[in-house]
Amino acid sequence: MTKPTAPSVEELTGKEVAPATTQPSADSKMNMKLLFVYGTLKRGHALHPWIEGQQFVGVAEVKDACLIDAGAYPIMVTPCQGASVVGELYIVDSDVFKAVSDMETRAGYRTALISAKVLSGEHIPGITGNSVGAYSYVFPALAGPSMWENITDPDTPKNYIGIVSPAKD
């Protein structure tokens with residue numbers, strides 16, 4: 001299995017894309033990244049201000065991944081056979097990417113290159129339905145996904161699609 005590679009902004013849009021409300025350095029604008037977020041970094045959630053003003057691409061899905069309920073935030077684990085995680089895809093400048101990555105690394109996550117299928121692309125014509133390589137934050141293996149089960153409780157918050165919790169003995 002080959003690892004996905006993140007396409008450049010130019011490959012996606014045919015032009016350089018700058019964040020809407022920030023003025024990144026010239027170097028930062030040259031090194032834009034695709035970032036898949038699935039929890040507290042999504043719109044309307046506590047950590048979204050870290051990426052606010054960056055270019056929203058659309059809603060995307062990561063196959064063979066699942067979310068673990070860690071209380072105040074979810075943890076994405078891969079691989080998780082047969083499950084998927086729906087989140088948001090952004091084009092972020094390298095200054096924002098570095099700041100968010102530093103924050104997530106301090107929290108125990110690692111930066112990973114994942115493949116995400118764009119379910120609805122709002123700002124890039126023709127991107128919907130395509131799979132793209134994007135960066136995201138995953139937690140190091142937690143004793144394997146077979147130790148976890150999907151939550152099917154209808155009261156599970158809708159923003160955590162595919163949350164899982166420890167399997168009951």
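A disulfide is a pair of cysteine sulfur atoms within 2.5 Å, and the legends below start from that cut-off in a predicted model.

**Figure 1. A close-up of the disulfide between cysteine 66 and cysteine 80.** The two sulfur atoms are 2.4 Å apart, so the pair falls within the 2.5 Å limit. The torsion about the S-S bond is about 95°, which makes this disulfide right-handed. Distant parts of the chain are linked here: cysteine 66 belongs to strand β3 (residues 66-69), while cysteine 80 sits in the loop between β4 (74-77) and β5 (84-92), 14 residues apart. Cysteine 66 counts as buried because its relative accessibility is 2%. Cysteine 80 is buried too, with a relative accessible area of 9%. If you go looking for further bridges, note that a search of the whole structure finds one disulfide.

**Figure 2. The whole chain, as a map for the other views.** Here you can pick out three helices and nine strands. Walking along the sequence, you meet them in the pattern α-α-β-β-β-β-β-α-β-β-β-β. The chain has 169 residues, and buried residues make up 41% of them. Take the contacts between residues at least 6 apart in sequence: 68% of these join residues at least 24 apart. The chain exposes about 9000 Å², and carbon and sulfur atoms supply 54% of that area.

**Figure 3. The largest nonpolar core, with 41 residues.** In soluble globular proteins, nonpolar side chains tend to be buried together. In this view, the residues with the most contacts inside the core are Phe36, Tyr38, Ile51, Met76, Leu89 and Tyr137. Elements giving two or more residues to the core include β1 (33-37), β2 (55-63), β6 (110-121) and β7 (131-138), along with helix α3. Strand β5 provides the largest share, five residues.

**Figure 4. An aromatic pair between phenylalanine 56 and tyrosine 90.** A pair of aromatic rings is described by the distance of the centres and the angle of the planes. For phenylalanine 56 and tyrosine 90, the centres are 5.3 Å apart and the planes meet at 65°, an edge-to-face arrangement. Phenylalanine 56 lies in strand β2 and tyrosine 90 in strand β5, so the pair ties together parts that are 34 residues apart in sequence. Both residues are buried. A search of the whole structure finds four aromatic pairs.

**Figure 5. Arginine 43 over the ring of phenylalanine 56.** Stay with phenylalanine 56 and look at what sits over its ring: the charged end of arginine 43, 3.8 Å from the ring centre. Arginine 43 comes from the loop between β1 and β2, and counts as partly exposed because its relative accessibility is 40%. Leaving out residues up to four places away in sequence, arginine 43 touches His48, Phe56, Glu88 and Tyr90. Arginine 43 and glutamate 88 are 45 residues apart in sequence, yet their C-alpha atoms are 8.4 Å apart in space.

**Figure 6. Lysine 33 over the face of phenylalanine 97.** Here is another charge over a ring, with lysine 33 at 5.7 Å from the ring centre of phenylalanine 97.

**Figure 7. Serine 101 in helix α3.** Serine 101 is found in helix α3, which covers residues 94-106. With a relative accessibility of 8%, serine 101 counts as buried. Beyond its neighbours within four places in sequence, serine 101 is in contact with Thr111 and Tyr137. You have met Tyr137 already, among the residues with the most contacts inside the largest nonpolar core.

Conventions
Residues are numbered from 1 along each chain as its sequence is written. This is a predicted model: local features need pLDDT of at least 70, side-chain atom pairs count only at pLDDT 80 or more; totals for chains, interfaces and linings use all residues. Side-chain values use heavy atoms; hydrogens and water are left out. Helices (H or I, at least four residues) and strands (E, at least two) are DSSP runs, numbered from the N terminus. Buried means under 20% relative accessible area, exposed over 50%, partly exposed in between (1.4 Å probe, protein chains only). Contact means heavy atoms within 4.5 Å. Accessible areas come from the Shrake-Rupley method with a 1.4 Å probe; for residues, only the protein chains shown count as cover. A nonpolar core is a set of buried Ala, Val, Leu, Ile, Met, Phe, Trp, Tyr and Cys residues joined through side-chain atoms within 4.5 Å. Rings of Phe, Tyr and Trp (its six-membered ring) pair if their centres lie within 6.5 Å; planes under 30 degrees apart count as stacked, over 60 as edge-to-face and the rest as tilted. A charge sits over a ring if NZ of Lys or CZ of Arg is within 6 Å of the ring centre and within 35 degrees of the ring normal.
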